[in-house]
Amino acid sequence: MSPQGRVSLRGIRKLFGKFVALDGIDLDIEPVEFFALLGPSGSGKTTTLRMIAGLDTPDEGTVTVDGVDVTFAPPGARDVAMVFQNYALYPHMTVRDNIAFPLKMAKVSAKSIDGLVHEAAAKVHIDDLLHRRPGQLSGGQQQRCALARAIVRKPKLFLLDEPLSNLDAQLRLETRVELKKLQRNLNVTAVYVTHDQEEAMTLADRMAVFFEGRIKQIGAPSEVFDRPNSVEVAAFIGSPPMNIVPAHLDGSTLTIEGHAVRLARSFDRVPGPVTVGIRPSHLRIDAGGIPTQLYLSENLGETRLLNLKLGEVLIKMRVTQSEPLADGETVPITFDSESIHLFDAETGLRLEAG
Amino acid sequence: MIAHRRARILRTVVLMVVASTLLLIWVLPLIWAFVVSLKSEREVLAYPPTVIFSPTTSNYADALFGDFSIVDSLLTSAIVSTATTVLTIVLAVPAAYAFARLRLPAKRSLGFYTMATQMVPPVGLVIPYFLILNRFGWLDTYHGMITVYLTFSLPFAIWLLVSYMEDVPWEMEEAAFLDKASRLQTLWHVVIPQVRGGIAVTVIFIFLNAWNEFLFAVQLGGNTVRPVTVAMYNFISVEQTLWAKLSAAALVAMLPVVIIGIAAQKQIVKGLSVGAVKGGGRR
């Protein structure tokens, strides 16, 4: 039997009043893949997840799961489980009853329920808390309870709506690792909504980057990080995000703030304005480089983040050296021309050499 | 430090005085009625009122088992009030859920007209209801009386319960739907347990209103359906008012209300203390 949980969205459009929440979403999620829907708030990622769950229906387009059109099927008919941002645990039930609820609704025999509940609870390490009520659990334990409730009936699709956002930073890191482990052990397709690009990068096998109701890029995290296909994606991925600087391109000569830089590649296009993307870690201090003014230096422990003024633009540069620099001091910077990304100044789309 | 403590003591004292005064205003008639119920009819009318007298329980015996026994009427009141309460809750819970959650055409205006029925003064409805029940042949019948009470209690109960239902996080219901629960199962397993407190409050209100109702009971009832509020009128006649027996009957009639109030109060507190999501709204 081939693994289940293949999801396809075709031409999904959703309006809330006059607001276009989703505008032509096409997406394929493969079985047992950990797929992240990433984007800023209001970009349509949660709405997309709700379409897959059946909690919302599209105005246009189709949703299929394992080849079956489920566009208008009710949530219960889809064999999906979901972990909500606020967990949505039933406060009047014990942890045991919360986890058992999906089994009861699926009319699983009372005999097998107990074993299955224990099994699911053990997987998320809350088997000693079964008698408690959600109100008596910590945030992390509540989250585990919600996970156990989702995995107990072994759904073919596992949907997670920002499940880590209510946890504190330390717990979030720990849970992230466990979540990934859990998904691998269960061998189930997971669709994960987050606005945290770091979470998406570390968890996902592939991800879709959402902006204003559209998908801007789909790919493996490294692919999206290394080759962002638009300025928007480039500026969203990475921590701190990529520096975006206006420049002028003429063949293989790039001019930034009056300083010409020779590129290894040549671009066959009409000379004109472009947008340059440079990651903070790809900048170096070089005596003959482009002069910038130090605006503020942030100490991050192992590294230092320099906020530099390049003309009117504020850019960030990551340095490991801890040479003392005073605010206002001139810092000449340079970069490897291979490491920069060029985008069309008008469309914002990636430019390829040639 | 001392000034603080002094201010706190003063605050407590003022609060106690205000609370005691209010309590006295409420309790005094009850105490008076209780004292009167222990006197003989002669002593009740003595002027100045006697403070020292030999108490008797004969008024209670008369009220319960005498010529104007209120036992049958207590039973009638219990049947009418219980039936009204049960029917109201059975109908109001799904209706309130529908108002709170479902996308219905004309939901807003329906909600308004539901509430609008509460704005009509009851006295304006007595004659229309009399004529309607008369036409149906429902005067002096249990189903007639209960139906009339339902027309008041149902809109009120729906309005009260809607606000409780709206406070249940929608995600919890969505979670239940994903777990293959139907609407009814979701209502039963997820929503109702969380609005128990609200239902308890509604039960008290509806039961008390029905139990204490007089205007419609006296006009639309009769010898078959004579609630205790009407039956007590038997102690008042043109020639005399039997104050002691009336007081005894009134106190007996109050007893179920008090017991239900105390019993349901526990439920309310329980309903309020249930709440899993930290900082969650009213439950």
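This is a short dialogue on how to read a predicted model with chains A and B.

Visitor: Let's start with chain B. How many helices and strands does chain B have?

Guide: Keep in mind that the model is predicted. Chain B has 13 helices and zero strands. Walk along chain B from the N terminus and you pass α-α-α-α-α-α-α-α-α-α-α-α-α.

Visitor: What does the radius of gyration say about chain B?

Guide: You hold it up against a simple rule for a globule. For a compact globule of 283 residues the rule gives a value near 19 Å, while chain B comes out at 24 Å. You can also look at the box: along the principal axes, the C-alpha atoms of chain B take up roughly 75 × 75 × 30 Å.

Visitor: What share of chain B counts as buried?

Guide: A residue is called buried if 20 or more other C-beta atoms lie within 10 Å of its own. By that test, 32% of the 283 residues in chain B are buried.

Visitor: And how do I read its contacts along the sequence?

Guide: Ask how far apart in sequence the partners sit. Take the contacts in chain B between residues at least 6 apart: 77% of them join residues at least 24 apart.

Visitor: Which domains does chain B have?

Guide: The domain assignment splits chain B into domain 1 (2-56) and domain 2 (59-273). Their centres, taken over C-alpha atoms, are 31 Å apart. Where the two touch, domain 1 of chain B gives nine residues and domain 2 of chain B gives nine residues. On the domain 1 side, α1 (2-37) and α2 (41-45) of chain B are the elements that give two or more residues. The largest share there, four residues, belongs to α1(B). Sorted by class, that side of domain 1 of chain B has four nonpolar, three polar and two charged residues.

Visitor: Now chain A. How do I read a sheet?

Guide: Here's the general idea: strands of a sheet pair through backbone hydrogen bonds, and they do so either parallel or antiparallel. In chain A, six strands make an open sheet with mixed pairing, in the order β6-β7-β8-β3-β9-β10. The edges are β6 (80-83) and β10 (214-219) of chain A; each has a single partner strand, so one side of each lacks a neighbour in the sheet. On average, neighbouring strands of this sheet are turned by 15 degrees against each other, direction ignored.

Visitor: Do show me one pair. How many bridges join β7 to β8 in chain A?

Guide: Five bridges link strand β7 (residues 157-161) of chain A with strand β8 (residues 189-194) of chain A, and the two run parallel. To find the spot, look for Leu160(A), which is opposite Tyr192(A) in β8(A).

Visitor: Which domains does chain A have?

Guide: The assignment gives domain 1 (7-230) and domain 2 (235-344) of chain A. Their C-alpha centres are 38 Å apart. Seven residues from domain 1 of chain A and six residues from domain 2 of chain A make the contact. On the domain 1 side, α6 (197-203) and α7 (221-226) of chain A are the elements giving two or more residues.

Visitor: Last one: how many residues of chain A and chain B are in contact?

Guide: The contact joins 21 residues of chain A with 18 residues of chain B. On the chain A side, β6 and α2 (95-105) each supply at least two residues. By class, that side of chain A has 16 nonpolar, four polar and one charged residues.

Note on methods. Residues numbered from 1 in each chain as written. Chains lettered and ligands numbered in written order. Predicted model: local features only at pLDDT ≥ 70, side-chain atom pairs only at ≥ 80, totals over all residues. Rg over C-alpha atoms; globule rule 2.2 N^0.38 Å. Buried ≥ 20, exposed ≤ 12 C-beta atoms within 10 Å, placed from the backbone. Pairing = 2+ DSSP bridges. Axes fitted to C-alpha atoms, helices over the stretch in contact; angles between N-to-C directions. Nonpolar A, V, L, I, M, F, W, Y, C, P; charged D, E, K, R; others polar. Domains from an automatic or database assignment.
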